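Thanks for sending this one over. Below are my notes as numbered points, to be read with the model open beside them.

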Amino acid sequence: MSGHLRRPIGRFGRSTVIACGVMALCFTCVPATAGEWQSLFDGKTLKGWDGNPDFWRVEDGAITGETTKEKPTRGNTFIIWRGGTLEDFELKVEYRIFAHNSGIQYRSFEIPGQKWVVGGYQADIDVANRFSGCCYGEKFRGMLCPRGMKTVIGPNHKFKVVGKLGDPAELAKAIKPAGQWNEYHIIARGFHFVHKINGTVMADVTDEDVEQRRRSGILAFQLHAGPPMKVQFRNIRLKRLSSGGAEATSDNRKGVSSSQSAVPTAAKAPQKKKIVFIAGPRSHGFAAHEHKAGCMLLAKAINENVPQAEAVVVTNGWPKDSSILDDAASIVVYSDGGGRHPLLGHLDEVNALMKKGVGLACIHYAVEVPKGPAGEKFLEWIGGYFETNWSVNPHWTANFRKLPEHPITNGVRPFAINDEWYYHMRFREGLEGITPILSDLPPASTLNRPDGPHSNNPHVREAVLKRKEPQHVAWAYQRPDGGRGFGFTGGHVHWNWGHND
């Protein structure tokens, strides 16, 4: 899923936080626009990068990873760029290695429960230049393209050689030896990946493994376990490409004729990102839980303001023909929840879509599902949910005095509004991967009701009345596999959609 949220989102005119939260599921939220080179490293600090400080530092104006005999790493460890995810892109990085091997991870994923451990596509680097230039799947199918080869990965998860770029030993002569700087150039369009070192194409791979291939994910650099080693990276530049390859790339590769071009330069019209709204049936009185009307309003705001997106609305719950979801970039559910949630009977189907990177947003009652399998899936998909006997659903005026710096809040001003703001949500441990978007400390009057599944409980009283913890009523979630989730607990009162923020 590629694209950007650059425009002032206030141009939506209505329901800004919601509309922008939905769009963030489909489009990468970064400051650079397609076709612009963006520097990812300031040359002085590790700002924006996240790695084990025992092994990573800045030295000689470069991100430096080093292990020693006295301080080894027990397994491969990575420094991760936290500035966003990669989809269609070009990446240029200068590197030099002094011992052992390393690599550049792209469209990759973090291993759950293991800090600074990454899997995914890797552009290989090694001091002996036996593997430099290869495409390797770290914790992700193994070797995908040896140096000098053109490969296709099939449904059996293995590569097949379909062409040759040159003799691997001859291509290695373009790579400078240990301790000298080389430039890695990685190009990813759709599921086609090209690795160049110092202008020479080393690997060309097309991933047709529909089950396991990855459309988006993180960027990271590897420090390999084993013998002591040192690797450095500098001049790290990223250019995001429009969906469909609209940004042309010059083909200055050595040893490859124009008829063998691994990267098509013809511009194609970007395919619109499809957003499917699932609206539940009416369940309350006039102007409350207006699921169909709310979805139509939000879809209209997107379709009139974002030419890269197409929003469609399905009414009365789960679609009768679920194939409408097959090509969705994101799904938005605005409906009743609990035991009537439209996703409950379709958890496996939704899970398959989530594994493909499809985004999921849930509005108001749709953030509530029963504790157990559904609750666990919601923690995986959107990072949090309304858990009975833990969360509460009072009506109150929330005052959002301070907003985080996030693409979802672009163009949004502090505001206050009365709604049925659910709070004390069940989130992932430590808010892992979650960015709170709207937060406020509810007044004590919201806990005047007796204890009940939705009304009050000892846990919420401890958090709000004793510890005075602000409560998050809208949040964004970045999944480890590159997908995204969004939750918004307001939306009971239909007239509130008329508030510009």
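1. Let me begin with the lining of the largest cavity in this predicted model. Its residues split into 7 nonpolar, 5 polar and 2 charged. The lining counts 14 residues, and those nearest the cavity centre are Phe415, Phe488, Asn496, Trp497 and Asp501. Helix 1 (16–24) and strand 24 (415–419) are the elements that give two or more residues to this lining.

2. How much space lies in the largest cavity? The volume comes to about 150 Å³. In total, the model has 3 cavities of 30 Å³ or more.

3. You may also like to look at the second largest pocket, which holds about 350 Å³ of space. Its lining is made of 16 residues, with Trp390, His424, Met425, Phe427 and Glu469 nearest the centre. By residue class, this lining divides into 6 nonpolar, 5 polar and 5 charged. At least two lining residues come from each of strand 25 (426–427), helix 6 (458–466) and strand 27 (471–478).

4. Helix 4 deserves a point of its own. Which residues of helix 4 (residues 347–355) are buried? They are Leu347, Val350, Asn351, Leu353 and Met354. Viewed down the axis of helix 4, these buried residues fall within an arc of 160°, so they line one face of the helix. On the face turned away from that buried side sit the exposed residues Asp348 and Lys355.

5. What do the buried residues of helix 4 pack against? Their partners are strand 20 (330–334), strand 21 (359–363) and helix 5 (373–381). If you follow the backbone onwards, Gly357, just after helix 4, takes a positive phi of about 95°.

6. Now for the chain as a whole. It contains 6 helices and 28 strands. Of its 501 residues, 56% are buried. Taking contacts between residues at least 6 apart in sequence, 72% join residues at least 24 apart.

7. My last point is about the surface. The accessible surface of the chain is about 20,500 Å², and carbon and sulfur atoms account for 52% of that area. For a figure, I would be glad to see helix 4 drawn with its buried residues, among them Leu347 and Met354, and with Asp348 and Lys355 on the face turned away from the buried side. A second panel could show the largest cavity with Phe415, Phe488, Asn496, Trp497 and Asp501, the lining residues nearest its centre.

Conventions. Residues are numbered from 1 along each chain as its sequence is written. This is a predicted model: local features need pLDDT of at least 70, side-chain atom pairs count only at pLDDT 80 or more; totals for chains, interfaces and linings use all residues. Side-chain values use heavy atoms; hydrogens and water are left out. On a 1 Å grid over the protein atoms alone, a cavity is a set of points where a 1.4 Å probe fits but cannot get out, and a pocket is an open set with protein on both sides within 12 Å along at least five of seven lines; lining residues have an atom within 4 Å of a point. Grid points are joined across faces, edges and corners, and a volume is the space filled by probe spheres set on the points. Helices (H or I, at least four residues) and strands (E, at least two) are DSSP runs, numbered from the N terminus. Ala, Val, Leu, Ile, Met, Phe, Trp, Tyr, Cys and Pro count as nonpolar, Asp, Glu, Lys and Arg as charged, and the others, Gly among them, as polar. Buried means under 20% relative accessible area, exposed over 50%, partly exposed in between (1.4 Å probe, protein chains only). The arc is that of the directions from the helix axis to the C-beta atoms. Contact means heavy atoms within 4.5 Å. Accessible areas come from the Shrake-Rupley method with a 1.4 Å probe; for residues, only the protein chains shown count as cover.
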